[in-house]
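Visitor: I'd like to know what stands behind the labels people put on a model like this one. Can we go through a few of them?

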Amino acid sequence: MAIDYNGCEEEWLTGKLANLSAVEVEQAVDDNYKDSYKAFKSFEGSPNPQKVAQELRSAVQAFKKNMPIIQGLCQPAIKTSHLLQLFEDAVRDVTNETGRQYDDMDVDIDMEDGLTLTMCLEAGMLDHVEKVEAISTSAQKQHGLKVGLGDGRGRSQRAMAIGDNPFGTLPYKNTGTFLLKGADDVQALLDDHIIKTQAVRGSPFVKPIEKEVKDWEAKLIYIQDLLEQWLMVQRTWLYLEPIFSSEDIVRQMPDEAKKFQAVDKQRPQDAPGMSSDCRAHEVIQVLDVSEIENLLLHFSDANKKLDQIQKCLNDYLETKRLAFPRFFFLSNDELLMILSQTKDPTAVQPHMGKCFEGINKVRFDQNDEIIEAMLSVEGEVVELVHQVNVNEGDKKGNVERWLLEVQDSMIKTLTKIMGDSVRAYAETSRGQWVLEWPGQVVIAVDNIYWTQEVAEAIEKGKLEDYYQATGFGFGEWCARQVCASQLHDLVELVRGELSKLARRTLTAMVTIDVHNRDVVGSLRDAKISSAKDFDWMAQLRYYWAPTGSIIMYETQKPSTTDNCQVSIINATLLYGFEYLGNSDRLVVTPLTDRCYRTLMGAFHLFYGGAPEGPAGTGKTESTKDLAKAMSVQCVVFNCSDGLDYLAMGKFFKGLASSGAWCCFDEFNRIDLEVLSVIAQQVACIQEAIRMKKRRFIFEETELELIPTCAVNITMNPGYAGRSELPDNLKALFRPCAMMVPDYALIGEIVLYSVGFGNAKPLAAKAVASLRLGSEQLSSQDHYDFGMRALKSILVAAGQLRKKFGSSRAEDILMLSALNDVNLPKFTSNDIPLFLGITGDLFPGTKLPPSDYGKLINELEGAARARHLQPKASFIHKCTQLWETIMVRHGLMVVGMNVSGKTEVENVLSAALAAVADGDLYLPCQIHKINPKSIKQGQLYGDFDENTHEWTDGILALTVRYTANADPSHRQWIMLDGPVDAVWIENMNTVLDDNKKLCLNSGEIIKLSPVTTMMFEVEDLTFASPATVSRCGMVFMEQVWTTAVRR
């Protein structure tokens, strides 16, 4: 043992320190020390061996004093420079302490032969252990930085080299251009290594490799900038290329087209990987590309030119919007789609519904040159009084010009038709007259004569007689002393065989007439004796005003055309003659009347309206229905926290220059900072109207002002994600509290309008069932017993009435509707309770068994095909889902995992495809999305923070696809994932009666009649009442789980 140790010690003392391992030496010293101690103990009683052990132990103990030098200098990181620095520092210390110079030290050290421990001891290094440790620590830190930098450079180079990263090119269509791909991974790698390199550069030990670190950092940053500029060019080029591929756009923007072509031609010459040479190089070495001279400068210059082109393009779109202000309600992409096809006027057809409230399409002549008529989405056709030649004069190729003429022709046509209808009403039986005119005109003229007759009855003191003629009991209609149809006759007519258009007209008319009857009854009860009494003045009244009979507010001159005045209290506005199609009308309740009075009074004083209240109280629908009553375009837009003042400014430009109304739903979801700017924008418009300006400056743009424009907002106070409006914004709107509608009255009128004779008691029972259900059933997050739940029941009752006519009693129809709509959402414990409630409300009423025809057999077959057991409970859930789809376009399948949600949907989809008849039963196409797997901007779309360029999200693309899809297939958009207020609130206008997806880009996508929004969720713990009330519910319990057949 002693001999071995002596040999090792000799080697440690005379061997080169660079060849020694500090760890191995330390381990050997420790082992020998322990072994000598054990030997000393074991040789107790043997003096000679014990003496040797003692001497070994002393020798090891003495050598341990040298370990700091070995630990400090026997490291891979120690270089000759560090040793020289060590001796220089030691000499400096000696000089400072003793005054001796280095030459006077008796030390002969040859660094080239290698430093040994003996040399260090002779040089007195044991007196400078602190210096040794400091130099060693510094050397190791520097070595670690250098190794880290070398490894980082190696990994970066390997990752960005050929074959190790999918960073390459792919061809773009047939343009001969190649696009970069796989850049995201490279950018992430660059970010990572830039951070690491900057960390190295910030180290206090970086000095020996500082230049190398700075050069590598500069290279990485250069590559990062190059990629950003490259991808920016590529992104802008991809946006502009299809635009300037259109001959129509090139013809209208020749200068910008030349600039774009110049940029397009320059790019392949200087950018390897984007030229045709890429065919031979599918993957690019990024480091090689970064060596190309002036490449970053080239891309930066190209970006500047493309930005200029894009700005010119936006200015061009602005001029088109100013020429036809309704273009402000379209997104840039939609407008470009129209402008790129100006040679084909019929290409505008898909966008007509976004420019006009009621015009879905227009009818061209055989040569596609002359527009002869306008068609509503319901199929109503209205011939234009003044036909529009789209190729005449400067209208050829300028779509905004002939669309503006279509707008003027629409107003003139509605004005003439209404005048003719006013005269025809006095000459035709009412039952015949109702079916001869457009639905919108029928309701307006009916209200004109109702206003005239009630005012006359009040002045003559014959209100009681008039009520008996028109009111409860359905006596004869004594208008003009000519016996005509009664309200009862209209209800009977609704029950009979009618065309879809006639049925819609009569349904809307009955809705209005029942309200008018109730108004007359309330006036009679109040003993009104003068047409100036408030109770009468507070009603919405219509007055026909022939040419020259009124003084116009703007010009203070007699009117030059026929007009219709609509008044309520002291507020009078002109009927807008906007064609609205043959649409349904809202049931008018006292709450609706109060909302009308508030909004009309606000518009009369040039303010906006602000209905606010809980979900399902009719805020948006009341605003929309007043717009229908006024025949004004009303643009409904669902606000979100992603809206900025630029997007809102575009809307306001469209409103001010087109004279339309808007209804910003969920307005208080907008960020507070944006609301402050909106206050200034709205105030600017309102002030211009008060000053009777014809043109005014808005957001640095001069606009023509149409004073009929109005801004309305709706709010849900207190809901999650809502903010308080700034005081300067509150002052611009007249608030109206919308709380509890008259459910029974709404139910009664709707049932009357769909042909129920015993409407009043049936409506009371429907309302009672919802009230008792909310009180007696368990509390569940997915339960809703509000207005929208009642509406679903009424819709189902109307469908059953249409299906069975008078072959089934009205009690049976109503009870069937109650069960079909409500039972799917209840838990198994609540179903018997609800059946008990309906049993008490409908005593003795027995429901006949449901008949789904072939659907049941196909459901069972589809279940077996999926290796499921077609149990009755499972098939029943499938039929419940189908019933819910029939009354709701938005629904949620709620249930825990493994409760069969997905299987119910898939089995129903397969069964519908099997029984498809082209009418009710259609094959289904399912689009499934997990909304929580992506960011909100990726779901709906968002603007680029730097360029304000819009990128569509997955949901936006899906809804747009389904809106334009083949109507012979049902489109189910399935969002499978947790529901919370963060993302679902943006779909409020999708799920309510608007059926529109509103994007922050300004685009509004309307759902097609065959599209259903479906949500597959576990629970609705985080959903707001606004969301729950908008959706039908199908609850799946795990007891419904289908067993897999082995």
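Visitor: What makes both faces of S23 count as covered?

Guide: Look at which way the side chains go: Thr1011, Met1013, Phe1015 and Val1017 lie on one side, Thr1012, Met1014 and Glu1016 on the other, and all are buried. "Buried" means under 20% relative accessible area, "exposed" means over 50%, and "partly exposed" is in between, with a 1.4 Å probe and protein chains only. Seven of the seven residues of S23 (1011–1017) meet the buried criterion, so the strand is largely enclosed by the rest of the structure.

Visitor: What should I keep in mind about the source?

Guide: It's a predicted model, where local features need pLDDT of at least 70, side-chain atom pairs count only at pLDDT 80 or more, and totals for chains, interfaces and linings use all residues. Residues are numbered from 1 along each chain as its sequence is written, and side-chain values use heavy atoms, with hydrogens and water left out.

Visitor: And what makes something a strand or a helix here?

Guide: Both are DSSP runs, numbered from the N terminus: at least four residues of H or I for a helix, at least two of E for a strand.

Visitor: How do you know that S16 and S20 pair with S23?

Guide: Two strands pair if DSSP finds at least two bridges between them. S16 (890–895) has five bridges to S23, in the parallel sense, and S20 (970–976) has six, also running parallel. By that rule both count as paired. For landmarks, valine 894 stands opposite valine 1017, while tryptophan 972 has threonine 1012 as its bridge partner.

Visitor: What makes S3 and S5 edge strands?

Guide: They belong to an open sheet of three strands with the order S3-S4-S5 and antiparallel pairing. S3 (361–364) and S5 (381–389) each pair on one side only. Between S4 (370–375) and S5 there are five bridges, one of them linking methionine 374 to valine 382. H16 (399–425) packs on this sheet, touching S4 and S5, and its direction makes about 135 degrees with that of S5. Angles like that run from 0 to 180 degrees between N-to-C directions; axes are lines fitted to C-alpha atoms, for helices over the stretch in contact.

Visitor: Why are H28 and H29 called oblique?

Guide: H28 (743–753) and H29 (759–776) pack at an angle of about 130 degrees, with axes 8 Å apart. Angles under 35 degrees count as roughly parallel, over 145 as roughly antiparallel, 65 to 115 as roughly perpendicular and the rest as oblique. An angle of about 130 degrees falls in none of the named ranges, so oblique it is.

Visitor: What holds the contact of H28 with H29 together in terms of residue classes?

Guide: I can tell you how its residues divide: eight nonpolar, one polar and two charged. Ala, Val, Leu, Ile, Met, Phe, Trp, Tyr, Cys and Pro count as nonpolar, Asp, Glu, Lys and Arg as charged, and the others, Gly among them, as polar.

Visitor: Why is H33 called oblique to H35?

Guide: H33 (854–865) and H35 (901–914) meet at about 125 degrees, with their axes 8 Å apart, and that makes H33 oblique to H35. On the H33 side, the residues are Leu855, Glu858, Leu859, Ala862 and Ala863; they meet Val907, Leu908, Ala910, Ala911, Leu912 and Ala914 in H35. The split there is ten nonpolar, no polar and one charged.

Visitor: How do you know whether threonine 879 is buried or exposed?

Guide: Its relative accessible area is 5%, below the cut-off, so threonine 879 is buried. It sits in H34 (872–887). Leaving aside neighbours within four places in sequence, threonine 879 is in contact (heavy atoms within 4.5 Å) with Tyr852, Ile856 and Leu859.

Visitor: What makes the phi of lysine 527 worth pointing out?

Guide: Its phi is near 55 degrees, a positive value in a residue other than glycine. Lysine 527 lies in the loop between H21 (500–525) and H22 (534–537). At 70% relative accessible area, lysine 527 is exposed.

Visitor: And is phenylalanine 577 buried or exposed?

Guide: Phenylalanine 577 also has phi near 55 degrees, and lies in the loop between S8 (571–574) and H23 (590–604). With an area of 3%, phenylalanine 577 is buried.
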